[in-house]
Amino acid sequence: MKRKTWGAFLLLGVLAVGAILLFLTYRTYGNWDFALKLRGKKLAALALVGILTSFATISFQTVTENHFLTPNILGLDSLYVLIQTVSFFVFGGAQMLSQQSLAQFLGNIFLVTLLSTLLAKALLKNRNLFLLLMVGMILGTFFSSISTFLQVIMDPNEYDLLQGKLFASFGNVDSQFLGIAAVLGLVLISLLWYWAPKLDILHLGRDQAINLGIQVDHFQLVLLIIVSMLVAISTALVGPVTFLGFIVANVSYQLFATYEHRILFSGGALLALVALVGGQFLVEQVFSLNTTLSVVIEFVGGIYFVAKIIQERGKQA
C-alpha cells in the first residue's frame with residue numbers, strides 16, 4: 001500500500017481509539033463496572049452498524065457504478081417503516097414493545113430481504129439494473145404512502161410509541177438481538193471480503209468483468225441479496241440511518257483513492273466507527289441527549305450530499 005494509504009489508516013485508527021476511550025471513560029465518576037457495561041453494549045451496536053453499513057454501501061455502489069446511490073434506494077428503509085407501522089396499527093404499540101422477541105427481529109430481516117431478493121431476481125432477468133433501481137424507488141414511495149396513511153388514522157398514543165421505533169436508537173439494543181446480528185453480519189461481510197477481488201474486477205465495468213471471467217448477472221444478484229441482508233440487519237437492530245453509508249463510502253473514496261475493495265472496506269469501517277462513536281459521544285455529553293445521533297447524521301449527510309452534487313456539476317461544466 002502507498003504511504004498515503006498507511007497515513008490515512010493511522011489517522012483513522014488514532015481517531016477511532018480516541019473516540020472509543022472518550023466514549024467509555026468520560027464522566028464515569030468512578031462507576032466503572034456500571035458505565036462500561038452500559039456503554040460497552042452501545043459501543044458494540046455502534047461498531048456493528050458502522051461495519052455492516054460501510055460494507056453494504058461500498059458493494060452496492062460498485063454494483064450500480066454510481067457513488068450517489070445507497071441500498072436505501074431499493075426501498076428497504078420504507079419497507080421497515082411499513083412493517084413497524086402495520087404491526088403497531090394491528091396489534092397495538094404497548095403489546096409490540098412488551099413482546100419484542102428474537103422471532104420478530106428475524107422476521108423483520110426476513111421480510112426485507114425476501115422482497116428485495118424477489119425484486120432483484122425478477123428485474124435482473126432483463127439485465128436492466130436501472131429498471132431495478134427505478135422500481136425500488138417507486139416501491140419505497142408506495143410503502144411510505146401506506147405508512148403515512150396508517151399513521152394519520154392511528155391512535156395518537158400508539159403513534160407516539162411508534163415514533164420511538166422509527167428513529168435510530170443505539171441506547172436500547174437488546175443483547176440477544178446484538179448477538180445474532182453480529183453472527184449473521186460477520187458471515188455476510190466475510191463473503192464480501194472473500195469476493196473483494198471480484199468486486200475489484202466488477203469496478204472496471206460489465207463488459208470488462210465478463211471478459212475476465214466473472215458471471216456478472218449471477219454475481220450481481222448474489223451481491224444485492226447480501227447487501228439487502230446487511231441493511232435489513234442494521235435497520236432491524238437500531239432503526240433506519242439513511243445517510244451514514246453515503247458519507248462513509250464517499251469519504252473513503254477520497255481518503256484512499258483506490259479501487260481495491262479490501263482497503264475501502266477496512267477504511268470505511270474505521271471511518272464509520274469514528275463517525276458513530278464520536279457522534280454518540282457528542283450527543284450524550286455535549287448535547288445532553290437533546291437530539292439523537294440519527295438526526296445529526298441525516299443533517300450532516302444531507303449537506304454533504306448537496307455539496308457532492310454541486311461539485312460534480314462543477315466538474316461537468
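Phenylalanine 89 counts as partly exposed, at 38% relative accessibility; on this scale, buried stands for under 20% relative accessible area, exposed for over 50%, and partly exposed for values in between, with a 1.4 Å probe and protein chains only. This phenylalanine lies in helix α3. Helices here are DSSP runs of H or I with at least four residues, strands are runs of E with at least two, and both are numbered from the N terminus. The structure is a predicted model, in which local features need pLDDT of at least 70 and side-chain atom pairs count only at pLDDT 80 or more, while totals for chains, interfaces and linings use all residues. Residues are numbered from 1 along each chain as its sequence is written, and side-chain values use heavy atoms, leaving out hydrogens and water.

Phe89 also belongs to a nonpolar patch on the surface, together with Val86, Val90, Phe91, Phe149, Val152 and Ile153. Patches are built from residues with over 30% relative accessible area and no salt bridge, joining like charges within 9 Å and nonpolar side chains (Val, Leu, Ile, Met, Phe, Trp, Tyr) within 5 Å. A salt bridge, in turn, is a side-chain nitrogen of Lys or Arg within 4 Å of a carboxyl oxygen of Asp or Glu. Together the patch residues have about 690 Å² of accessible area, a quantity that comes from the Shrake-Rupley method with a 1.4 Å probe, where for residues only the protein chains shown count as cover. Helices α3 (76-91) and α6 (129-153) each supply at least two residues of the patch, and the largest share, 4 residues, comes from α3.

Glutamine 151 lies in α6 as well. This glutamine is buried, with a relative accessible area of 15%. Leaving aside neighbours within four places in sequence, Gln151 is in contact (heavy atoms within 4.5 Å) with Val81, Thr85, Tyr159, Leu162, Gln163 and Leu166.

Further along the chain comes helix α12, residues 244-256. Its 13 residues reach 18 Å from the first C-alpha to the last, close to the 18 Å expected at 1.5 Å a residue; the expected span is 1.5 Å times one less than the number of residues. Because 10 of those 13 residues are buried, α12 is largely enclosed by the rest of the structure. Among the buried positions are Leu244, Phe246, Asn250, Tyr253 and Phe256. Just after this helix, alanine 257 takes a positive phi of about 45°.

Helix α13 has 26 residues and spans 35 Å between its first and last C-alpha, close to the expected 38 Å. This helix is mostly covered, with 19 of its 26 residues buried. Serine 266 is found in α13, which runs over residues 261-286, and is partly exposed, with a relative accessible area of 24%. Beyond its neighbours within four places in sequence, Ser266 is in contact with Phe9 and Trp193. The C-alpha atoms of Ser266 and Trp193 are separated by 9.7 Å, although the two residues stand 73 residues apart along the chain. After α13 follows serine 288, whose phi is positive, near 55°.

Taken as a whole, the chain comes to 14 helices and 0 strands. Buried residues make up 47% of its 317 residues. Of the contacts with a separation of 6 or more, 79% join residues 24 or more positions apart. The chain exposes about 15,900 Å², and carbon and sulfur atoms supply 66% of that area.
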